[in-house]
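Student: I have a structure open in front of me and would like to learn how to read it. Could you take me through it step by step?

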Amino acid sequence: MLKLNDKLYISSINYVPYQKNFWQKIRDVSKSGGKFMIDLGLNYNPQRFVSRNGEWSLPWPQEIPKVFEMPALNKKFNKSFAEVTDNRAKELAKLIKSKNYKFAVMYSGGLDSTTAMAALIKNLSKEELKNVVVCADTGSMIENPVFWKKFIWGKINVLDSATHQYDDLIEKGYHPITTDEGDGIFGSAAFLDLFQNYYYYIKELSGTAKRHLINLKNKTTDGDTHYSEYKDLIIKHWNRKTPTKNVGEHWYSKFEKNIKTSNIPINSLHDYYWWMLFNLKWMSLTTRTATWSNNRIHCKKLIEHWLINWFNSKDYQQWSMTNNNNGEKIKLEMNSYKMAAKKYIYELDKNEYYLYFKLKVGSSNVLLKYQKFDHLPLEQNPNARFGLDNKFNRLYIDQPDVQEYIRYHMSNYEIDW
Amino acid sequence: MPTEQQSKIKVTNPWEEDSNILDHYYPSCTDKKNNYILFSAAIDRFLIVEKYNPFILLETAHVLSSKIAPVVYVLPKEGIWKECWPVIDNKNCLLFSIPHKKNSVKATSGIDARQHAVIEILNTKIYKPGWPTHFLQNKEKTILLKLQEYSLFCLRVMHAINLSLSFNDMYEEKDINERYYLENFFHGLYDNRFRPFSKDGLNKKSILILIKKILYDSFSIEEALSAIIEAWKQQSVEDLTDRRKDFFNIIGIKQPKELENFTLPLEKHIRPDWAF
């Protein structure tokens, strides 16, 4: 039973058909802040922004679980991405040695999961690798055929992710390894969209703004060019799907307040979009599969005992906070996104084509696609889920207590930025 | 930045030049401009262009999808880019791009992007930003030009294998059955007792499938060509119908001597000719 003063770990304003009417009705009774949060969801669906650092008000009380807190910035942190990645694999090797842990890597063939696989292959002995299975589907082969043929097929045991969700893996004794939060380490797909479609987003701006932004196109990853120079473009980008015209303006002010009250330097436009993921979406990235793509295992048990969020280590987060605008996350063009990961993989597979031409390909929907939930009542389907309370209980949009909770808080939440 | 002249590919290989033989197979395309374009978002430029057949370019894109995430665009007959597009060819296409990808389901990297090839009607104007600045340095430039040359080679091979098989299929029952009938129309209705025969008695995948796999897996033209020669040795011993000869002819190179005179060692004939 959710009480009005209970805190949440993660909440989701999600414009799926199942929830659409509910949110439209809630919008009618919402105060200005509540209306904004719902409209923001039209632009960034699902809207699951939660801050780990700096001011970011929400309609309801919020808490960050200890395991996903942001570490304090250590400006002297100097480990390379390769060192951090090797160490991560060695930590897991220790768990194999000491506790005979078995791991299932959720492998898409993309940059994040290939990094994890490359690290395990490089750092684990043949014997230790017997405790690792690759959980993949046909899309995983197609996304990275060279790696599949050279390092996985016939060398490491494979399970079909179409028939192996987290629940199934855990019931077989495997600790699932997810790299879901990889974008949080390197930056945002929204930035790639903005950069790739730069001329599209500026086309309706004034002549002066357009000229100014055209001159700045190649400085989006330059630490000496402050993101505020791109204010018109950012607002346009955040207004792209919403019928309410001032969502972009409100977003800009609200997020700027967060940036100014955080203790991490945010300079370039790329920093701006990276911070959005690293700070505001970290909770969503780390918990989304457990919350929305898993049915039988309680989220507390799953997150605290079973799940390995590969990039959710202190060192990876320190690396991420101390490597802005130096070409490691992105140089400028799309093919350089996650360059540090690409270089790490290249050390193993020597595949020049992957190094120079591989792009980010979204795969987060794959697990949802394969999820078996026909046996669940409609009101417990993934699309009916609202989030997690601070005991990791799943919340459903049709629960009367959840509806009352949302209605109460949204009708009291005013714009405060 | 290299000038347009400098960035042109040095023409040394037949697949980089226009082909009179392809004009022969596609007579209505002789004077046509390049209406079909292969775009790579990683380069943010057009990698290769083609005037004859969009499906062959799509097949080429599929074999290249082990290296890039390709999009084939069909240029509409009319459009705001009309003044610009007729000048695009395989010598200058790396200088051209589209200013944004909002009208493309595939080209944008991110949640909607996929690795496999797709084809779309281009719904955006073309512009000429020049040589991609992220491939300006020697190392980057070399790998890009290597990819482009490999892509042109794949395009020509895809033309060659499809044409040479289609025009010489009359006596190649095994190959036709493999390519068209068994998996498509009789799936689940036969087993290994019903494998079709061929002149050389070998029971292998169609040469079309083998060659596509070679192009998908190879890293260079040299590696691919050498594997293709081996594949032909396995698949077409006597070349009674000239499929192999035509294949190399369409690519624009002479059939290697080792294939011209190639016959399979007697012991490898599973079912000798006289059995029929």
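Tutor: Gladly! Let us begin with contacts: two residues are in contact if their C-beta atoms, placed from the backbone, lie within 7 Å. This is a predicted model, in which local features need pLDDT of at least 70, side-chain atom pairs count only at pLDDT 80 or more, and totals for chains, interfaces and linings use all residues. Residues are numbered from 1 along each chain as its sequence is written, while chains are lettered from A and ligands numbered from 1 in the order in which they are written.

Student: How many residues does each chain bring to the contact between chain A and chain B?

Tutor: Chain A gives 25 residues and chain B gives 24. To describe such a surface we sort residues by class: Ala, Val, Leu, Ile, Met, Phe, Trp, Tyr, Cys and Pro count as nonpolar, Asp, Glu, Lys and Arg as charged, and the others, Gly among them, as polar. On the side of chain B that touches chain A, eight residues are nonpolar, nine are polar and seven are charged.

Student: What is the secondary structure of chain A and of chain B?

Tutor: Helices (H or I, at least four residues) and strands (E, at least two) are DSSP runs, numbered from the N terminus. Chain A has 22 helices and eight strands. Chain B has nine helices and four strands, and its elements follow the order α-α-β-β-α-β-β-α-α-α-α-α-α from the N terminus.

Student: How do I judge the overall form of chain A?

Tutor: Use the radius of gyration, taken over C-alpha atoms, and set it against the globule rule, which is 2.2 Å times the number of residues to the power 0.38. For chain A the radius is 21 Å, close to the 22 Å that the rule gives for 417 residues, so chain A is as compact as a globular protein of that length. Along the principal axes, its C-alpha atoms fill a box of roughly 60 × 55 × 40 Å.

Student: What share of each chain is buried?

Tutor: A residue is buried if 20 or more other C-beta atoms lie within 10 Å of its own, exposed if 12 or fewer, and partly exposed in between. In chain A, 48% of the 417 residues are buried; in chain B, 38% of the 276 residues are. You can also look at sequence separation: among contacts with a separation of 6 or more, residues 24 or more positions apart account for 79% in chain A and 74% in chain B.

Student: How do I read a pair of packed helices?

Tutor: Start with the axes, which are lines fitted to C-alpha atoms, for helices over the stretch in contact, with angles that run from 0 to 180 degrees between N-to-C directions. Angles under 35 degrees count as roughly parallel, over 145 as roughly antiparallel, 65 to 115 as roughly perpendicular and the rest as oblique. Helices α16 (residues 282-292) and α17 (residues 299-306) of chain A pack at about 135 degrees, with axes 9 Å apart, which means that α16(A) is oblique to α17(A). T287(A), A290(A) and T291(A) of α16(A) touch C299(A), L302(A) and I303(A) of α17(A). By class, that contact has four nonpolar, two polar and no charged residues.

Student: How do α3(A) and α18(A) pack?

Tutor: Their angle is about 165 degrees and their axes are 9 Å apart, so α3(A) is roughly antiparallel to α18(A). Here F81(A), V84(A) and N87(A) in α3(A) meet D315(A), Y316(A) and W319(A) in α18(A). Four of these contact residues are nonpolar, one is polar and one is charged.

Student: Which is Y337(A), buried or exposed?

Tutor: Y337(A) counts as buried because it has 28 C-beta neighbours inside 10 Å. Y337(A) sits in the loop between α18 (314-321) and α19 (339-349) of chain A. Beyond its neighbours within four places in sequence, Y337(A) is in contact with F186(A), G187(A), L192(A), I330(A) and K360(A).

Student: Where should I check the backbone itself?

Tutor: Try N100(A), in the loop between α3 and β2 (102-106) of chain A. Its phi is near 55 degrees, a positive value in a residue other than glycine, and N100(A) is exposed, with 9 other C-beta atoms within 10 Å. Then compare D44(B), with phi near 60 degrees; D44(B) is buried, with 21 C-beta neighbours inside 10 Å. Finally, look at the peptide bond from N45(A) to P46(A), which is cis, with omega near 0 degrees.
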